[in-house]
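Biologist: Could you take me on a close look at one part of this protein, the nonpolar core and what surrounds it? I'd enjoy a connected walk through it.

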Amino acid sequence: MMKATIFKSSKTIILTLSLLICIGLLSGCGKKADDSQATSAAGAGTETTEQKETADRKETDQRAEAVTETGTDATGETKEKSDQTRKPAGTTEGAQTAESQETSDVQTESKAGDSGAGKAGLPGDFPMSFTFSSGAGGWRTWLTLYADGTFEGQYSDSEMGDIGDGYPNGSYYIADFTGKFVNIQKVDEFSYSMELDEVTLGREPGTEWIEDEIRYVAAEAYGLDGGKEFVFYTPETPVAGLSEMFLGWWPGRFMEPAAETLSCYGIYNKAEETGFFTD
């Protein structure tokens, strides 16, 4: 009976131990499963965080690249506009400059026409010196002519016997003058027509003053006064057919044998029939 009781108790203890062992094993497996699930969950969470950080960095890089490209485009556009501003061709400033230059050229041509340099300029080497004189007496008018038709000169005549109080050494008639010829046109191979535009005198005619006991009297520009139309002759101009009054002032009128051409330049005052000649 006692053996049976002991055997039964042993069996109970064995069963109890077996049960405890099974329970322990089951608990260990469950803990491992929980740990595995926790580890898996933690890994998944870590992976998710890393993916998010990677995505954020990628988005940040893309934004930076976009900003850089935008800045480059803006800079390029600004530079292009700046280059276009500096370019003279095709710009408003370039057009205005060209227009200003064209206007200046037109004004220059207009001024040349107005000044009387003429549609046909005078031939020869300038300046030229001309003299109007009879060859007798103490009077003469000389003038220096320039290629553009302008001139300057002086008329003078001395009268040593014309004396009075304060001027025992005589009288002297004088006229300093300047002027210009305009509308210079070539008539033929030997002559050019021109008009007297103006003559400016240094003093009002009739003005008197005394210097060194000589009385000076301001006069007209003798030989030019009273005339409007003039003719400019070249040295090759044939004498035949020229005005006899004009040739009466010509220095070559006493040449022997008689000259067939003027052999000098001449200026003929058609209204007064006076003549100026080069030496």
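Modeller: Happily! Let's start from one residue: leaving aside its neighbours within four places in sequence, Leu145 is in contact (heavy atoms within 4.5 Å) with Leu122, Phe126, Pro127, Met128, Phe130, Thr150, Phe151, Phe181, Phe232 and Ile267. Before going further, please keep in mind that this is a predicted model, in which local features need pLDDT of at least 70, side-chain atom pairs count only at pLDDT 80 or more, and totals for chains, interfaces and linings use all residues. Residues are numbered from 1 along each chain as its sequence is written, and side-chain values use heavy atoms, with hydrogens and water left out.

Leu145 belongs to the largest nonpolar core, which has 24 residues; Phe130, Leu145, Leu224 and Phe232 have the most contacts inside it. By nonpolar core I mean a set of buried Ala, Val, Leu, Ile, Met, Phe, Trp, Tyr and Cys residues joined through side-chain atoms within 4.5 Å. Buried means under 20% relative accessible area, with exposed over 50% and partly exposed in between (1.4 Å probe, protein chains only). Two or more core residues come from each of β1 (128-132), β2 (139-145), β3 (150-159), β4 (171-186), β5 (191-201) and β8 (229-233). The largest share, 4 residues, is given by β4. Strands (E, at least two residues) and helices (H or I, at least four) are DSSP runs numbered from the N terminus. Apart from this core lies another, of 12 residues, among them Val231, Leu242, Ala259 and Leu262.

Within strand β4 you will find Ile184, which is buried, with a relative accessible area of 0%. Ile184 and Phe232 are 48 residues apart in sequence and 9.1 Å apart in space, C-alpha to C-alpha.

From β8 we can step to its partner: β8 and β9 pair in the antiparallel sense over 4 bridges, where pairing requires that DSSP finds at least two bridges between the strands. Here Tyr233 has Gly266 in β9 as its bridge partner. Strand β9 (residues 266-269) is covered on both faces, with Gly266 and Tyr268 buried on one side and Ile267 and Asn269 buried on the other. On to β10 (residues 274-277), which pairs with β9 in the antiparallel sense over 4 bridges; Tyr268 stands opposite Gly275 there. These two strands, β9 and β10, form a hairpin with 4 residues between them, and Glu273 in the turn has a positive phi of about 55°.
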